[in-house]
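Good morning, everyone, and thank you for making the time. I would like to walk you through one structure, taking a few of its strands and then one helix.

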Amino acid sequence: MPGFESFSASVRGITDADDLRLLYELTGDFGSILELDALLRSVNEKVRQAFDAESSVVLLLDEAGGELFVPAGSEPDPAVEKRVQGLRFPTDRGLAASALEHARPVLIDDAAHDPHFDPELDRRLGPTKNLLYAPLASPRGTIGVITMRSKRAGAFGERHLAFLGALAGPIAIAIDNARVHEQLRRSETRLRTEVGALRRDLARRDRFEEIVGSGPAMREVFRLMERAAASAVPVLIEGESGTGKELVARGIHRASERADGPFLTVRCGALSESLLESELFGHRPGALPGATDDERGLFEAANGGTLLLDDVSEMPPSLQAKCLRVLQEGEVVAVGDVHPRRVDVRVLSATNRDLRAEVSASRFRQDLYHRIAVFAVRVPPLRERREDVSLLAARMAATAARREDRKIGGIDPEAVAVLERYDWPGNVGELANEMGRAVALTGDGEAISVRHLSAHLQNLGPEGVSGPVAPAGPGGRASSLRQRRAAFEARYISEVLRQSEGNVSRAARALGLSRVTLYKRLREYGIR
């Protein structure tokens, strides 16, 4: 290796033990810095100190332009940086050119009387008497020149010349390495951008795969999802119960740069305060009854990915404060611990309530609201996108048929018309339950008709309101008492939940049920 042989020859020219030790230290320091700007600042500062010079400047070679230039941001001294910023020198004029021409270090005792001195160029680096120049030669070729300047005559001698000659090679190699590192970093950034763009393009092509919708309301949702996926900000997904908020969150995650990381969900209203705290932040042994192990919480488990805080409006105030710390500081503190742990997680939140109203009523922290609601996506209820009902019903029926290993003949137009007239208070979840029930009642190869639908749908009037229940006739079309009671209960629970503004605890109290029992009913009727 020519570069190594040249370096070895230069080192053999150094006889002073202190100089050898300093050369070793500087070579190690420069080789450990991979950021080009930081490396050049370190070189200029430490070489200037080692040589007790007024200034040390690295000039890099621009081969395309045939010039030497001073890299921006390479000077640790602001005054020097201001003076040399943007300076460029031709490679066939001036003192620096002589170092390139001879391809070896050059000692100049009196700069102004040197035959290579160019008053127009060389004085731009500052008043100089004594100068040292050395070409920066790496295995890839000469990449520039390093210069040391002093106003004092005789400031530099042969010892300095040998030292700079030995140091120039490692500096050149360190610069080469930093440039390669910068190229790799730029390539990585470019690839990340391209992958993100490809993911967003795929999301546009399959319309976020699991989410069905073709009308204007859903087109706006898809547009917002694409924007949210391209960003890293927290997202608040708003919408009534059963509208598919979790599917929207999952779609945003899958189209984002975090798609390869985990996607985890926690329903904030389904757990007690202590269990929710442990679920989110983890716990240390002994922090909770029966806690014998050190458990990670969901914030840590979702590291590098996305965590959805579903029903975020149900989160107790004490945990709201802890969540705010995660969003502000990127740290979690486990239950029973005092030491924070770093996490890198994107937080998405979902709610079926008006969080602004919750903030005004002092039931939700204003600072947390502003943190989680940086970007809002509203998912419309099914009654606002009736044009999607037939598509959704067909997909859900096909899914239920595959699950039951059954074959059905689609859905009759009359049944589709009934489905499109209904308001669906339980939204997509209620429609999925209805299609699952209809498939179970349909014979193999038979199409779903009105008689396979629930009683409240069979008795639906032209305005989408259930009419009086007709007695069972010869065809047995009227449903059983159990089915009619279930239909009434579903409608009644939906109405109470609406009047309670989506607050499950208040709705449970109004219905005379425990919160656990109400959640069971909501799942059973597809209301949530």
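Before the first strand we need one term: a residue is called buried when its relative accessible area is under 20%, and exposed when that area is over 50%. Please also keep in mind that what you see is a predicted model.

With that term in hand, look at strand E1, residues 55–62, which is mostly covered, since 6 of its 8 residues are buried. E1 is joined by 6 bridges to strand E6, residues 141–150, and the two run antiparallel; within this pairing, Ser55 has Arg149 of E6 as its bridge partner. E1 also pairs with strand E2, residues 67–69, again in the antiparallel sense, over 3 bridges, and here Leu60 is matched with Phe69 of E2.

Let us now move to an open sheet of 5 strands, whose order is E8-E11-E14-E7-E15 and whose pairing is parallel. At its edges lie strand E8 (263–267) and strand E15 (375–378), each of which pairs on one side only. On average, neighbouring strands of this sheet are turned by 20° against each other, if direction is ignored. Within the sheet, E11 (residues 306–310) and E14 (residues 346–351) pair over 4 bridges in the parallel sense, with Thr306 standing opposite Arg346 in E14.

Finally, which residues are buried in helix H16? In this helix, residues 413–421, they are Ala415, Val416, Val418 and Leu419, and seen down the axis of H16 its buried residues fall within an arc of 160°, so they line one face of the helix. On the other side of H16, Pro413 and Glu414 are exposed, while the cover over the buried residues includes helices H15 (389–404), H17 (427–441) and H18 (455–458).

How values were computed:
Residues numbered from 1 in each chain as written. Predicted model: local features only at pLDDT ≥ 70, side-chain atom pairs only at ≥ 80, totals over all residues. Heavy atoms only, no water. Buried < 20%, exposed > 50% of the residue type's maximum accessible area, 1.4 Å probe, protein only. Arc of directions from axis to C-beta. Contact = heavy atoms within 4.5 Å. Pairing = 2+ DSSP bridges. Axes fitted to C-alpha atoms, helices over the stretch in contact; angles between N-to-C directions.
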